[in-house]
Amino acid sequence: PCDVQNLKIYLDVSGKTMHAGSTNTMIISANYILHYLSQFMSLNPGAVIATGKPPGVGLGMNPPVLLNAGDTMKLGIEGLGEQNQTCVQG
């Protein structure tokens, strides 16, 4: 079994690593989040709980880094898999 409090997390944008971190730096533990949410909602296998992100917001960079149409994003969590998206013009 994997230790949910010590999984590597990464985000690549168009092949460049923008975030690299670990669940061990989360302010609130994954175990507590699941405990808390399960008190008032059903969580099914595959449910996604959006909690935020590791340090390194693009707007805080100098110069700021924003997503553009055509950018590809790859988000991964060790042991869980990865997602891939492509930005489109809004």
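Okay, let's start with a word we'll need: a residue is buried when its relative accessible area is under 20%, exposed when that is over 50%, and partly exposed in between, using a 1.4 Å probe and protein chains only. T23 has a relative accessibility of 7%, so T23 counts as buried.

Two bits of housekeeping. This is a predicted model, where local features need pLDDT of at least 70 and side-chain atom pairs count only at pLDDT 80 or more, while totals for chains, interfaces and linings use all residues. Residues are numbered from 1 along each chain as its sequence is written, and side-chain values use heavy atoms, with hydrogens and water left out.

Now the overall picture. The chain has 1 helix and 4 strands; these are DSSP runs, with helices being H or I of at least four residues and strands being E of at least two, numbered from the N terminus. Walk along the sequence and you get β-β-α-β-β. The C-alpha trace spans about 40 × 25 × 25 Å along its principal axes. Of the 90 residues in the chain, 20% are buried. A contact here means heavy atoms within 4.5 Å. Take the contacts with a separation of 6 or more: 41% of them are between residues 24 or more positions apart.

Back to T23, then. T23 sits in the loop between β2 and α1. What does T23 touch, leaving aside its neighbours within four places in sequence? The answer is V4, Q5, N6, L7 and I9. There's a polar link as well: a polar atom of the T23 side chain lies 2.8 Å from the backbone nitrogen of L7. A polar contact, by the way, is a pair of N or O atoms within 3.5 Å; within protein, one must be able to donate a hydrogen and the other to accept it, and residues adjacent in sequence count only if both atoms are side-chain atoms.

Next door is N24, also in the loop between β2 and α1. N24 has a relative accessible area of 47%, so N24 is partly exposed. Setting aside residues up to four places away in sequence, N24 touches Q5 and N6. With N6 there is a side-chain polar contact of 3.0 Å. And N24 and L7 are 17 residues apart along the chain, yet their C-alpha atoms are separated by 7.2 Å.

Let's move to D12, in strand β1, which runs over residues 8–13. Which side chain of opposite charge is nearest to D12? That's K74, at 4.1 Å, and D12 is buried yet has no salt bridge. For charges, Lys and Arg count as positive and Asp and Glu as negative, with His and the chain ends not counted. A salt bridge needs a side-chain nitrogen of Lys or Arg within 4 Å of a carboxyl oxygen of Asp or Glu. D12 does have a polar contact of 3.0 Å between its side chain and that of T17. Beyond residues up to four places away in sequence, D12 touches T17, M18, T72, M73 and K74.

A quick tour of the loops. S14, between β1 and β2, has a phi near 50°, a positive value in a residue other than glycine. Its relative accessibility is 41%, so S14 counts as partly exposed. In the loop between α1 and β3 you'll find P63, and the peptide bond from N62 to P63 is cis, with omega near 0°. L66 is in the loop between α1 and β3 too. Why does L66 count as exposed? Because its relative accessibility is 54%. Not counting residues up to four places away in sequence, L66 touches L59 and D71.

Over in strand β4 there's G81, partly exposed because its relative accessibility is 42%.

Last stop, the largest pocket, with about 1,600 Å³ of space in it. On a 1 Å grid over the protein atoms alone, a pocket is an open set of points where a 1.4 Å probe fits, with protein on both sides within 12 Å along at least five of seven lines; lining residues have an atom within 4 Å of a point. Grid points are joined across faces, edges and corners, and the volume is the space filled by probe spheres set on them. The lining has 50 residues, and I9, I49, T51, G52 and I77 lie nearest the centre. At least two lining residues come from each of β1, β2 (16–22), α1 (30–37), β3 (72–77) and β4 (81–86).
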